[in-house]
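Q: I am new to this structure and would like to learn how to read it one feature at a time. Could you take me through it as a dialogue?

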Amino acid sequence: MSALKIKGLSLVRADGVTLVDNVDLALAPGETLGIVGESGSGKSLTLRAILGILPAGITATGEIACTARTAMVFQEPATALNPTMRAGDLVARVWRRHHPGRSKADALTAATELFEQVGIDRAADRLRAWPHELSGGMRQRVMIAAALAAEPEVLLCDEPTTALDVRVQAQILDLLRDLVARRSMAMIFVSHDLAVVASVSERLLVMRRGEVVETGVLTEVLAAPAHEYTAELLAANLGRRLKSESRESRESRESSESLGSVTR
Amino acid sequence: MKGPKLWIGAGVVGLYVLAAILAPWIAPHDPLAQDVVAALQGPSAAHLLGTDELGRDQLSRILMAARIDLPVAALATLLPCLLGTALGVICGYFGGWFDAIVMRISDLLQAFPMYILMIVLVFSLGPGVRSLLISFTAVGWVVYARLVRAEVLRIRQTEYVTAAITAGFGAPRVIVRHVLPNTLRQTLIYLTSDLVFAVTALAAFSFLGFGIQQPTPEWGSMIAAAQPYITTQALLTVVPGLVITVLALGFALLGDALQERKRA
Amino acid sequence: MSALLEIENVTVSFGRRKHAITAVDNVTLHVEKGSATGIVGESGSGKSTLMRTVLGLNRPQAGSVRFRGAELGARRDLATRRAMQMVFQDPGTTLNPARTVGSTLAEMLRVHRVVPAERVDARVGELLDLVHLPAEIREARPHRLSGGQKQRVAIARALALEPELLIADEATSALDVIVQAGVLDLLAELRASTGVTLICISHDLDLVRYLCDTAVVMRHGRIVEQGPVAELFAAPSDPYTAELIAAAPTLPGSTEESVR
């Protein structure tokens with residue numbers, strides 16, 4: 001009953017270095033899974049293995065059972081878009097590939113609808129825009145529209161907001177949350193930023209040096225991390241540190257106040 | 001894969017250098033001693049590679065020629081390299097009118113076919129090593145200057161150069177200690193492949209009579225001198241030709257190996 | 001407290017007249033001695049350009065920069081240059097790949113004669129110790145170091161000159177979170193131990209809250225708001241600041257409200 005199931009996935013580079021080691025992962029339909037890890041943890045490679053777009057020289061062993069249609073959104077919208085293709089044509093082309101036998105006009109209508117769905121205003125005009133005419137956030141919306149054109153049941157996101165400014169990031173995260181809910185898609189969201197991952201996921205998977213160190217329901221993992229690395233990640237989060245500091249300073253203030261009242 | 005290339009290349013070049021150094025001791029005969037009676041003989045115990053049209057020992061001449069060809073080829077790449085690097089660094093680091101002038105001159109030089117330009121120069125300067133080196137330098141600096149200039153422009157933008165500037169280091173120190181060392185690798189790779197050109201071009205010029213003159217032993221002029229006897233004593237042209245080819249191949253392998261090493 | 005750095009009505013623009021882009025637009029900012037100021041803003045807000053202008057890497061079209069009360073021009077003496085140092089963003093290019101860590105640090109000490117020649121070696125050791133790096137790293141070339149180690153060396157390189165002002169330009173944004181936390185703690189510790197005045201440029205509001213006592217918000221080359229960190233984040237007066245604060249991703253359970 002899972003849309004995607006990975007069992008014992010290992011990825012080994014040509015020189016024998018293991019990049020991903022025995023990863024298990026299951027994704028139920030409609031579920032959102034966040035994968036968090038540092039650079040080199042193998043999180044992006046795992047995602048690429050699912051899509052079957054591993055870089056040359058990496059061999060995969062293990063089982064990947066994926067019955068669902070998948071589509072991917074990449075980190076760098078600047079290089080993921082073909083600079084010689086209008087934004088609308090790109091989306092229309094993906095749509096036609098997944099709807100064989102339909103006309104170009106149908107595809108452009110579909111692209112307009114998709115542009116509206118991903119929150120691109122003046123969609124009809126923007127169809128004719130070249131990638132360089134769009135801002136980073138707009139480009140990422142186009143990428144998401146292109147991914148949606150494949151009508152995926154599982155959306156794979158590889159650091160889709162890392163290259164964006166914080167306000168644009170918030171908008172894209174909102175959009176993804178909304179799309180996942182509206183289309184009842186499943187989603188795997190990969191990022192190095194725990195707070196970003198947490199804002200769009202129900203379940204969390206923590207990776208380190210190619211291995212899964214912990215997985216579970218997001219709120220439970222955050223409340224009581226089972227692995228010390230997860231705890232370390234949480235402790236390094238500045239928002240958390242600020243909270244604990246302000247609590248400390250408040251407590252110390254309170255204790256000094258109570259001390260003051262005693263002496264008084 | 002890069003292992004054998006590097007070792008074969010270095011081995012071939014090393015062997016030639018060794019032969020050049022030891023030539024006076026290992027050459028069985030005086031390369032200039034004529035013996036008209038024993039002219040145009042095939043290989044024998046006394047003359048392992050036979051004798052030329054004036055009865056001079058071919059093996060001794062080939063060995064002694066290494067003492068001319070190798071240093072002249074080395075100088076013919078080193079001089080343009082030094083001139084080009086100096087100009088490239090100044091252009092890349094300071095820019096401005098000097099850069100503009102030097103780059104326009106290099107455009108002009110590159111617009112001409114290189115060989116023809118060199119022939120014209122050597123012809124007007126008169127044959128000989130000196131005019132060969134002048135023409136190689138006058139034409140060859142262009143590529144080095146462009147290569148180094150591009151590297152300097154890139155390195156100038158790096159944070160370590162900015163850090164050196166904010167630390168108040170003067171331009172000479174920044175250039176010599178921080179910029180130049182990081183361009184050397186790229187220059188060295190090109191220099192090795194440029195040696196291939198120098199070796200063959202040098203032989204070609206001598207073959208045409210513009211380079212090193214008889215009776216001084218030199219591979220190119222030896223081929224030219226042996227040309228009339230190609231049907232009767234083919235070895236007289238074949239062996240010097242092979243000697244040049246193998247050396248050029250050695251440099252080519254070395255350059256290739258360095259290039260691959262850089263990528264790895 | 002007195003102002004160490006006074007930026008008065010500084011405007012910086014690039015390009016020819018017709019197509020000029022104004023990166024910094026009439027900015028006035030005073031930085032107190034011993035303070036930690038955080039400059040936040042999105043890409044293109046002019047925060048890095050402003051600091052590069054302070055360092056003399058760009059020339060302002062208008063306005064003035066005063067340091068220790070003296071106006072800074074395009075030509076600066078060695079002592080002035082020494083007094084302000086910067087730590088950069090990219091661990092990949094922050095160190096000269098051709099030199100060892102030790103020679104990078106020693107060069108700083110020698111050129112500025114920070115310590116007598118015979119003390120240089122010992123001082124390099126002290127600097128490495130200051131940024132919590134093992135002594136063996138002295139012989140290593142940059143490609144052998146991790147990102148966090150490289151940034152620590154870059155901090156040591158800046159501190160070698162014993163500057164009065166240390167500017168950190170997104171110094172931790174390319175690092176993994178756990179490593180980032182370590183480097184931030186190091187900066188806080190160094191500020192306390194050396195009394196250096198700190199300016200942090202960052203897109204990360206939490207970082208500024210964590211490390212700084214004054215926050216400056218920039219947008220489109222202008223300062224939209226500045227004030228003490230606690231006040232600015234608790235009650236932003238500019239809608240843009242409020243928007244930035246709201247957009248910053250937070251872990252569930254790390255906002256002030258959930259504490260209560």
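The turns below go from one chain to its domains, then to the strands, the core and the contacts between chains.

Q: Before anything else, what kind of model is this?

A: This is a predicted model, and it is best to keep that in mind throughout the reading.

Q: How many helices and strands does chain A have, and what does its C-alpha trace span along the principal axes?

A: Chain A has 11 helices and nine strands, and along its principal axes the C-alpha trace spans about 85 × 45 × 35 Å. Of the 264 residues in this chain, 43% are buried. Looking at contacts in chain A with a separation of 6 or more, one finds that 67% of them are between residues 24 or more positions apart.

Q: Which domains does the assignment give for chain A, and how many residues of each are in contact with the other?

A: The assignment gives domain 1 (1–69 + 155–169 + 184–264) and domain 2 (80–151). Six residues of domain 1 of chain A are in contact with six residues of domain 2 of chain A, and the side of domain 1 that touches domain 2 is made of five nonpolar residues, no polar ones and one charged one. Taken over C-alpha atoms, the centres of these two domains of chain A are separated by 30 Å.

Q: Now I would like to read a sheet; what is the strand order in the open sheet of four strands in chain C?

A: In general, strands of a sheet pair through backbone hydrogen bonds, either parallel or antiparallel. The open sheet of four strands in chain C has the order E2-E1-E4-E5, with antiparallel pairing. Its edge strands are E2 (21–32) and E5 (70–71) of chain C, each of which pairs on one side only. Within this sheet, strand E1 (residues 3–14) and strand E4 (residues 62–67) of chain C run antiparallel and are joined by five bridges, and the bridge partner of C:Ile7 in E4(C) is C:Val65.

Q: Which strands of chain C pair with E8(C) in the parallel sense?

A: Strand E3 (residues 36–40) of chain C pairs with E8(C) in the parallel sense over five bridges, and strand E7 (residues 165–169) of chain C also pairs with E8(C) in the parallel sense over five bridges. The residue C:Ile199 of E8(C) shows how this can be followed, since it is the bridge partner of C:Thr37 and also the bridge partner of C:Ile167. Tracing the chain between two of these strands, one finds that E7(C), helix H6 (residues 177–194) of chain C and E8(C) make a right-handed β-α-β unit.

Q: Are the faces of E8(C) covered or open?

A: In a regular strand the side chains alternate between the two faces of the sheet. Both faces of E8(C) are covered: on one side C:Thr197, C:Ile199 and C:Ile201 are buried, and on the other C:Leu198, C:Cys200 and C:Ser202 are buried. Strand E8 (residues 197–202) of chain C thus has six of its six residues buried.

Q: Which residues touch the most other members of the largest nonpolar core, and why does this core lie between two domains of chain A?

A: In soluble globular proteins, nonpolar side chains tend to be buried together. Here the largest nonpolar core has 217 residues, of which A:Val91, A:Ala145, A:Ile188, B:Val199, B:Leu202 and C:Cys200 touch the most other members. Its largest share, 14 residues, comes from helix H2 (residues 58–94) of chain B. Domain 1 and domain 2 of chain A both give residues to this core, so it lies between them. Leaving out residues up to four places away in sequence, B:Val199 touches B:Ala73, B:Ile244, B:Leu247, B:Ala248 and B:Phe251.

Q: Of the pairs of chains in contact, which share the most contacts?

A: The size of an interface is often given as the accessible area lost when the parts come together, but here the reading is by residues in contact. Of the two pairs of chains in contact, chains A and C share the most contacts, with 27 residues of chain A in contact with 23 residues of chain C. The largest share of the side of chain A that touches chain C, seven residues, comes from H11(A), and by class that side has 11 nonpolar, seven polar and nine charged residues.

Q: How many residues of chain B are in contact with chain C, and how far apart are the closest C-alpha atoms of chains A and B?

A: 12 residues of chain B are in contact with 19 residues of chain C, and helix H6 (residues 159–166) of chain B gives the largest share of the chain B side, five residues. That side of chain B has five nonpolar, six polar and one charged residues. Chain A and chain B, by contrast, are joined by no contact, and their closest C-alpha atoms lie 12 Å apart.

Methods: Residues numbered from 1 in each chain as written. Chains lettered and ligands numbered in written order. Predicted model: local features only at pLDDT ≥ 70, side-chain atom pairs only at ≥ 80, totals over all residues. Contact = placed C-beta atoms within 7 Å. Helix = DSSP H or I, 4+ residues; strand = E, 2+ residues; numbered from the N terminus. Nonpolar A, V, L, I, M, F, W, Y, C, P; charged D, E, K, R; others polar. Core = buried A, V, L, I, M, F, W, Y, C linked by C-beta atoms within 7 Å. Buried ≥ 20, exposed ≤ 12 C-beta atoms within 10 Å, placed from the backbone. Domains from an automatic or database assignment. Pairing = 2+ DSSP bridges. Right-handed = clockwise from strand over helix to strand, strands pointing away.
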